[in-house]
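Visitor: I'm new to this one. Could you take me in for a close look at the second largest pocket, and then show me a few spots around the rest of the chain?

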Amino acid sequence: MDVRRNVPPVIIKRKRVTVEGGHHGGAWKVAYADFVTAMMAFFLLMWLLGATTEQQRKGIADYFNPTLPLTRVSGGGSGAFGGDSVFSEETMAQKGIGASEKYVTESRQGRGAVGLLPEGISGAEVSADDQAFERIEQRLRDRIGENAAADDLGQHIITRLTDEGLVIELFDLEGRPLFVDQREATRLLADLSALVAEVTGLVENDMAVTSHSKAGPVTLAKNPVWDVTIDRANLVRKMLETDGVDGRRMKRSTGHADRSPVVADPMAVRNNRLEIILLRSDLG
């Protein structure tokens with residue numbers, strides 16, 4: 001017998017050691033996972049924008065806003081549809097300072113409506129105001145569309161609804177000012193005043209007139225814009241009264257000088273504007 005058959009076989013195990021490092025490591029997997037997560041969130045957002053209504057989007061936005069309605073001028077909401085929107089100054093969760101535009105006037109800053117009615121005012125009164133303002137806006141659109149002359153006036157008018165009321169804004173266009181020699185009304189402004197007096201006669205809400213001006217050169221030794229805007233507001237108030245608005249409805253006329261530009265360029269002609277505000281019933 002061969003003695004080698006009694007010798008156990010020799011088994012050699014070799015262990016392979018792989019050292020990963022540099023570009024051959026696993027860091028790319030983390031970056032790829034972050035990218036996939038971000039893309040998933042993006043497509044989820046796109047799907048939500050397409051599959052939900054405007055009111056639902058407003059409610060979702062306010063649900064994730066932590067602002068608590070501590071005062072009448074604060075916003076936010078405790079439920080998915082407790083607030084209205086973060087996209088507009090009228091309902092942005094805020095304390096009267098937020099807005100969807102960088103350059104805003106005081107009346108453009110919403111007070112953060114949260115679906116709760118102010119103390120002492122009923123839902124019927126709020127609804128009556130909104131319906132009245134809608135009638136005025138519709139009447140303005142009808143009058144502007146009647147003929148070419150009225151359509152020309154329409155280029156100088158915009159309206160917006162705020163917590164203070166309905167704002168009818170009259171503004172300068174390049175080469176078509178509302179005033180000449182700073183304080184003298186043009187024929188254009190006279191026609192606009194008559195139009196506003198006509199449509200505001202549909203309601204009995206109190207009114208306010210506010211004037212704004214573009215900024216002057218910094219080299220001016222004395223800036224006259226304060227006096228100019230105050231005089232313009234008073235002039236428009238008198239024009240409205242002459243055109244048939246009951247003077248007892250006028251609650252205030254104010255000049256804001258150049259402190260509230262509506263566009264980024266403070267010296268732009270667009271900043272020359274008048275705001276005729278139909279006040280809500282609880283603010284009159």
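Guide: Here is the pocket, with the chain as a whole to set the scene and some single residues afterwards. A quick word on ground rules: this is a predicted model, where local features need pLDDT of at least 70 and side-chain atom pairs count only at pLDDT 80 or more, while totals for chains, interfaces and linings use all residues. Residues are numbered from 1 along each chain as its sequence is written, and side-chain values use heavy atoms, with hydrogens and water left out.

The protein chain has 6 helices and 7 strands (DSSP runs numbered from the N terminus: H or I of at least four residues for helices, E of at least two for strands). Going along the sequence, their order is α-α-α-α-β-β-β-β-α-β-α-β-β. The chain has 284 residues, and 36% of them count as buried; that word means under 20% relative accessible area, with exposed being over 50% and partly exposed in between, using a 1.4 Å probe and protein chains only.

Now for your pocket. Rolling a probe the size of a water molecule over the atoms shows where empty space is left. A pocket is an open set of points on a 1 Å grid over the protein atoms alone, with protein on both sides within 12 Å along at least five of seven lines, and a 1.4 Å probe fits at its points; lining residues have an atom within 4 Å of a point. The second largest pocket holds about 310 Å³ of space, a volume being what is filled by probe spheres set on the grid points, which are joined across faces, edges and corners. Its lining has 17 residues, and Gln182, Ser213, Lys214, Arg232 and Asn272 lie nearest the centre. Helix α6, residues 225-242, gives the most to this lining, with 3 residues. Sorted by class, the lining comes out as 9 nonpolar, 5 polar and 3 charged residues. Here Ala, Val, Leu, Ile, Met, Phe, Trp, Tyr, Cys and Pro count as nonpolar, Asp, Glu, Lys and Arg as charged, and the others, Gly among them, as polar.

Lys214 leads us on to proline 266, since that lysine turns up among its contacts: leaving aside neighbours within four places in sequence, proline 266 touches Lys214, Ala215, Pro261 and Asn271, a contact being heavy atoms within 4.5 Å. Proline 266 and alanine 215 are 51 residues apart along the chain, yet their C-alpha atoms are separated by 5.4 Å. Proline 266 is in the loop between β6 and β7, and at 37% relative accessibility it counts as partly exposed.

Alanine 257 is also in the loop between β6 (250-255) and β7 (273-279). Alanine 257 is buried, with a relative accessible area of 0%, and has a positive phi of about 55° although it isn't a glycine. Aspartate 181 is another non-glycine with a positive phi, of about 50°. Aspartate 181 sits in the loop between β3 (179-180) and β4 (184-185), and its 67% relative accessibility makes it exposed.

One last stop is strand β1 (residues 157-161), where you'll find threonine 159. At 30% relative accessibility, threonine 159 is partly exposed. Not counting residues up to four places away in sequence, threonine 159 touches Glu137, Leu140, Leu166, Val167 and Ile168.
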